[in-house]
Amino acid sequence: MATLLEQVEIDTELRPAVAGRNPWALAARRLWRNRVAMAALGLFLLIVVVCVAAPWYAHDVAHVNPFPPNLNGHTVMGGKVVPVMQRGGGVLKLGETPIGPTWDLGHYFLGADSVGRDVAALLLYGGRSSLFVGIGAAVLCSLAATVTALIAGFFGGITDSLLSRLMDVIWAFPVYLLAISIATELLTHSSGFQFGPVHVDASSLWLPTIIIAFIYVPYVYRPMRGQVLSVVRKEFVEAATAQGAGNLRLIFSEILPNVVSTVIVLLPLMIATTILTEAALSFLSVGVQPPNVSWGTIIQDGSDLVYTRPWVTIAPGLMILLTVLSLNVLGDGVRDALDPRAKLRVEG
Amino acid sequence: MLTFIVRRVLWTVLVMFVITVVVFIIFFKTPGVDPARALAGRSPNAQTLAEIRAQLGLNRPFPIEYGIMMKKIFITRDLVSYSNQGVKVIPEIGQAAPATLSLVFGAAALWVVLAIAVGIAAALLRGTIFDPLLMVVALVGISAPVFWVGQMANMVSQGIGHSTFLFSWVPPLGYTPFTQDPLLWFKGLVIPWITLSILYIGFYGRVLRANLLETQNEDYIRTARAKGLTERRVLLRHNLRTSMITFVSLFGLDFGALVAGSTLLTEVVFGIHGVGYLTWQALTNLDLPTIMATTVYGAFFIVLVNAVVDIAYAWLDPRIRPT
Amino acid sequence: MKNPPALAIAARRTARPLHKLSTGAAVAALALIAAACGGSSQSSTAGQGTAHKGGTFTILANSAFGVADPAQNYTLEEWQLLIDTHDGLVGFAKVGGLPGTKLVPDLATSIPTPTNGGKTYLFHIRRGIKFSNGQTLKPSDFVTTFERQFTVPGPTSFYSGIVGANKCNTKGCNLSKGVVANDSAYTLTINLTAPDPELMDQLSLPFAYAVPASTSPKLTGNNVPPGTGPYMWKSYNPNTEAVLVRNPYFHVWSAAAQPAGYPNEIIEKYGLQVSDEVTQVENGSANEVFDGDQIPSDQLSQLNSPKYASQVHVNTLTADWYFALNTSRPPFNNLLARQAINYAANRAAYVKIAGGPSLAVPTCQILPPNFPSYKPYCPYTAGTNHTKWSAPDMAKARQLVQQSHTAGMKVVVDGTNDQVGKALVEQMVSDLNAIGYKATPQLLASSIQYPFVQNSSNSAKWNVGWSAWYQDYPAPSDFLNVLLGCGNIHPNSDASPNIAEFCNKAIQAKINQAETMASTNPKGAAALWTQVDHMDTTQAPWVDLYNPKQIDFLSKNVHGYSWNPQWYILIDRLWLS
């Protein structure tokens, strides 16, 4: 029979030593071990880097300015100098067809579009716009949704009711109808908008970014609000309140850190969604406006040439596919890392 | 339960009202849009324009205009398009709806069957190479823009591959009503059905698989296994039914959205003149009456389906009460 | 008119020039056939004519033409059908080539010379002509026809010179003093407030085609009132099709104005993609592609093949595609700046956007080729030949920019957001940037772009605005006065066709002189219009790009093709084998 003190010592020795680990580090390690997700991340970063390098490619490799039309231009194909736009043949000689892919990185690698521009260079510049709008919209959307969810979940009551109803109404809109309507109307203000000292051009990339961010806010708001509600009820929040913490400190120090993981899980998936939406809007001519190009506008440009010059349509579509696929796979991996029991259910 | 339904219906009506008001506001005073001008022809004087505007009723304040338009949509149903004053919008939507419904029902049937197959297969084949393979294929389906897939499909079926036996049966782009020629109706819809369903097969397959795997370890499943049932029987008879709840509710939402006009992109790419195509034309022409009517139609379907799904959910599981 | 045959504006395609021998031969042959196949009541050589009769002619169109009421409809798409179902007091001869621009009497027995200082026209109306509902045509039917011009919302300016028209509006119209009908003597007298040398042209437009006196003064929507032509409207549904069948009461009274038609039925189907239209005509399931100007580049290459060479007809249109320069504010209130961009504009590139030299002809001047008073003039080209554009003169352009002190200014180029519109705008932006401006594009949906650039309240938002113009009828004033006359600047109105807001007193004086001279000294007036065209070109209120050509693609079994400069393809003159 041990003394009480001896008993305590024995218990202490028998208890295994567990090193406490930061949950973020744990998640990161899980993600790192997920080979497929890492490959997807690598692919996504590669695409970003290549697109960011667009000016370098256009200037130093292909030696083109891909934005103005180049209808009377010439390039080298198969060792010979050829015109970029070629007149139709036969008896009637109707139409002008752009050259097809030369598979030569220095000269119209993927061929020309219907006004003689270098598709490969446009593709990279287009990626910059698509990624800017996609990532920008996802980030803005997540910010707005998180702030709203925090306010709604924290204050509860009427605030929660009103905000949630507002979100329901926005969500009830047929998605494309709302986006196209707003975009169409905004585009009629052809000289842009004045917000105090800030002038926003009608062709600015911020317009599609904000529109797309807006229509998806309810999509992120719902799971965020659910998370906030479940955290608000936890004891540590009550404890902090008992300690005299003000609302702001509660929201930012206690609640926010515990819901951030939800945003992180959602972010890659949101970027995937916003990139697809931007492509659709640009395809319908109400997304990215000239002089900017995006993958969606290039697909639209290529619509008339699908049978004779398919690469003008295939290339940007493939880029979208690869980018969105890598984001989806990465998103899966992030979710597995942060929430292995898949408690988070994302609707729709 | 009854109060819940009543509250839901009232909410539905309110939401529809707000949606129509917002759309009306967006387009009512769009700069440069004056339907009177299009009718007045070459060099009309200001007086002619003013007369036409008065005749079309464009002078009155916004709430009255809105009220008149709503009356024409719901009560008298004689709303006339700005782009073509001989066209009544409500019958036009009625004529366009069968195309959209044909497209959506066919695609839905296809994707439900295939998604269930994919989800079950992936869950059963867990641990083998097929599980991740199927999931990657599903992800590819979700990641491709639907209008691009449609264009690629056209490129093959109408262009390169059209002369081969694989695609020579594909008719030119467009929709043939079933009553006019059932075979042509079918042939013209096969490729659009496949295109539209690719997106959803991927998504629903994954959802089902996730649900199936999640409930694998629930107690009642363990009981079934303990009883000695095979893994497959466990899956199909016990797991599937509960896993389908999420599937069904998500399906309802997506189906409703499609019928409401989310088929816009597919219809534009395949030249199918359904409600989505009509909406798109109206937006391009800034034809406010048609925009309003298609908005009402679309919002009605979405909100209706949302309400039905919520009610069904609440009925299926009394513990769940949507906030 | 503003709108091309297809309601959506797209690249235009051109035809072989009219003076080519083959077309001339075809026209001559057609004239013979027309005379031969013509009237059952007059000609005895009806053998060849009746041999051609029969069949259903199917036209495929992407979209319908809006409301069908002839008092309102201003589209070539419906006009091509209305000339077969209705008749006016006078009309353009229904033959191809230049003879097709001559006015011939139709429901009137002859074209009267005006009296009373050019203000009174006395028409004798033919007897024994029936509408498709069996009613006999009487002069009082015309009173209703003209009054409807004002009671139905629509273009009224063509007939606003009629006495009493200034009191007419959509609530009511009484033209009893302006259009005097005598049903016993079968005469119709039109009284004008002032002489109008273009009245005959205006009377030959479908607005003025006879409808029964019982026709409602209100818009008849998509029901077309009965007409006197060889065909009648059986049905029109803008979402599906229009069907025209033979008018059982028709007989030929003037083979020149309204010969009997060959097909038994004419159907126009709507809603197809243009690429489908071409495919169906290729395999013979339909007879005509209406939207020849929207054939995608993919299929143009198909049509080049020798297989289809005989089925494709390309004709130059009397139309301009141009960029208007906003002369009300800098930099283009400065003549040198306007001339600079004219020198710099790379018209070869614009032609390529339109589909190449087979589908568009570069131009510098206002009037199109084959148009009355047209004499080639193009100062804005490299080289010394000032009748034809060959290349831009960048050096001269840059020099003019320097001289004008406008270098570095911001320029907004406005256009439509469809494929071709976007490309044109981007090319113009590039041309402006090349000579030292800071140009940016601004694209609008085509349904709002046209009213937008016309309305002077938007003037501060754009400097260069795209537009296109197709003739209403072959009169130089239709281009030179309507688009560049001082009287056609209507401030703050969506309908102000002088988009450039160009008003030059000296040139306007010449225009006014030409209009007064028209009835007394037509040759002198014609020469004056040529001067006006050249003066306008030198003043450079526009950058005129090209004259488009139109493609007509017909199925293999269609014969008897003729091209009328006013109505383009004459549908009921085609026969099917």
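I took two residues to be in contact if their C-beta atoms, placed from the backbone, lie within 7 Å. With that rule I looked up where chain C touches chain A, and I found 36 residues of chain C in contact with 31 residues of chain A. Elements here are DSSP runs numbered from the N terminus, helices being H or I of at least four residues and strands E of at least two. On the side of chain C that touches chain A, H11(C) gives the most, with six residues. I sorted the residues of that side by class and noted 16 nonpolar, 14 polar and six charged; Ala, Val, Leu, Ile, Met, Phe, Trp, Tyr, Cys and Pro count as nonpolar, Asp, Glu, Lys and Arg as charged, and the others, Gly among them, as polar.

I kept in mind that this is a predicted model, in which local features need pLDDT of at least 70, side-chain atom pairs count only at pLDDT 80 or more, and totals for chains, interfaces and linings use all residues. Residues are numbered from 1 along each chain as its sequence is written, while chains are lettered from A and ligands numbered from 1 in the order in which they are written.

Next I turned to chain B, whose secondary structure comes to 13 helices and zero strands. Its mean pLDDT (the predictor's confidence in each residue, from 0 to 100) is 81, and 85% of its residues reach 70 or more. Among the elements of chain B, helix H2 (residues 35–40) has the lowest mean pLDDT, 63, and helix H11 (residues 264–270) the highest, 91.

I then looked at how helices of chain B pack, taking axes as lines fitted to C-alpha atoms over the stretch in contact, with angles from 0 to 180 degrees between N-to-C directions. The axes of helix H1 (residues 2–28) of chain B and helix H4 (residues 62–74) of chain B come within 11 Å and cross at roughly 120°. That makes H1(B) oblique to H4(B), since angles under 35 degrees count as roughly parallel, over 145 as roughly antiparallel, 65 to 115 as roughly perpendicular and the rest as oblique. Where they meet, Thr20(B), Val21(B), Phe24(B) and Phe28(B) of H1(B) face Phe62(B), Glu65(B), Tyr66(B) and Met70(B) of H4(B), and by class this contact has six nonpolar, one polar and one charged residues.

For a second pair I noted helix H7 (residues 146–159) of chain B and helix H8 (residues 182–215) of chain B, which pack at about 145° with their axes 10 Å apart. By class, the contact of H7(B) with H8(B) has seven nonpolar, three polar and no charged residues.
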